Amino acid sequence: MTAIGVTNRAGGYHDWKRRSERLVRASGHPYTIVRPSWFDYNSPSQHELHFLQGDTRWAGSPADGVISRAQLAEVLVASLTSPAAAGKTFELVAEQGPAQTDLEPLFAALSPDDGLNGATDAANMPVDEEPRDVREDLEIAAHLA
């Protein structure tokens, strides 16, 4: 789990989160990376889950989307046993509407990650421009895979 807006390079605040995602992807181990939106700002009728890709919500506020902690926990646990969730990264928000009873179609509709990056993420953090220690960590992770 990281956070919605992780690809926003303004100020470099989220770069370390994006680097951690890359290390997970480079490890070669099965994974699902969930980027939740703002915790517990939901209205009582916001139960319908939406899995988004491309990380384009960069307001830095609940305008990016909201999710309850219980909904986040449900998605994290479901991703552990879902073959369709493996190798995917997505942003998680809740919208107005009823809760889904089956998350498998949501996982299945996602595109798989592209190498070290999430599917359709902005190409705004080139690996070859990363600090040397970051590049070395990625190489070590890839060799351990």
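In which loop is Asp 55 found? In this predicted model, Asp 55 belongs to the loop that runs between β3 (48-52) and β4 (66-67).

To place that loop in the whole chain, it helps to begin with the overall layout. The protein chain contains 4 helices and 5 strands, and, read from the N terminus, these elements follow the order α-β-β-β-β-α-β-α-α. A compact globule with 145 residues would have a radius of gyration near 15 Å, and the protein chain agrees with this, since its own value is 15 Å. Along the principal axes, the C-alpha atoms fill a box of roughly 45 × 35 × 20 Å. Of the contacts with a separation of 6 or more, 78% are between residues 24 or more positions apart.

As for the surface, 41% of the 145 residues count as buried, while the chain exposes about 7,700 Å², of which carbon and sulfur atoms supply 58%. The side chains include 12 positive and 21 negative ones, and the centres of these two sets lie 5 Å apart.

Most residues other than glycine have a negative phi. Against that background, the backbone angles of two residues deserve a careful look, and the table sets them out with their loops.

| Residue | Phi | Loop |
|---|---|---|
| Asp 55 | about 45 degrees | between β3 (48-52) and β4 (66-67) |
| Thr 120 | about 60 degrees | between α3 (104-108) and α4 (132-144) |

Asp 55 counts as buried because its relative accessibility is 1%, which is under the 20% cut-off. Thr 120, by contrast, is exposed because its relative accessible area is 61%, which is over the 50% cut-off.

Technical notes. Residues numbered from 1 in each chain as written. Predicted model: local features only at pLDDT ≥ 70, side-chain atom pairs only at ≥ 80, totals over all residues. Heavy atoms only, no water. Helix = DSSP H or I, 4+ residues; strand = E, 2+ residues; numbered from the N terminus. Rg over C-alpha atoms; globule rule 2.2 N^0.38 Å. Buried < 20%, exposed > 50% of the residue type's maximum accessible area, 1.4 Å probe, protein only. Contact = heavy atoms within 4.5 Å. Areas by Shrake-Rupley, 256 points an atom, 1.4 Å probe, with all protein chains shown as cover. Lys, Arg positive; Asp, Glu negative; His and termini not counted. Charge placed at Lys NZ, Arg CZ, Asp CG, Glu CD.
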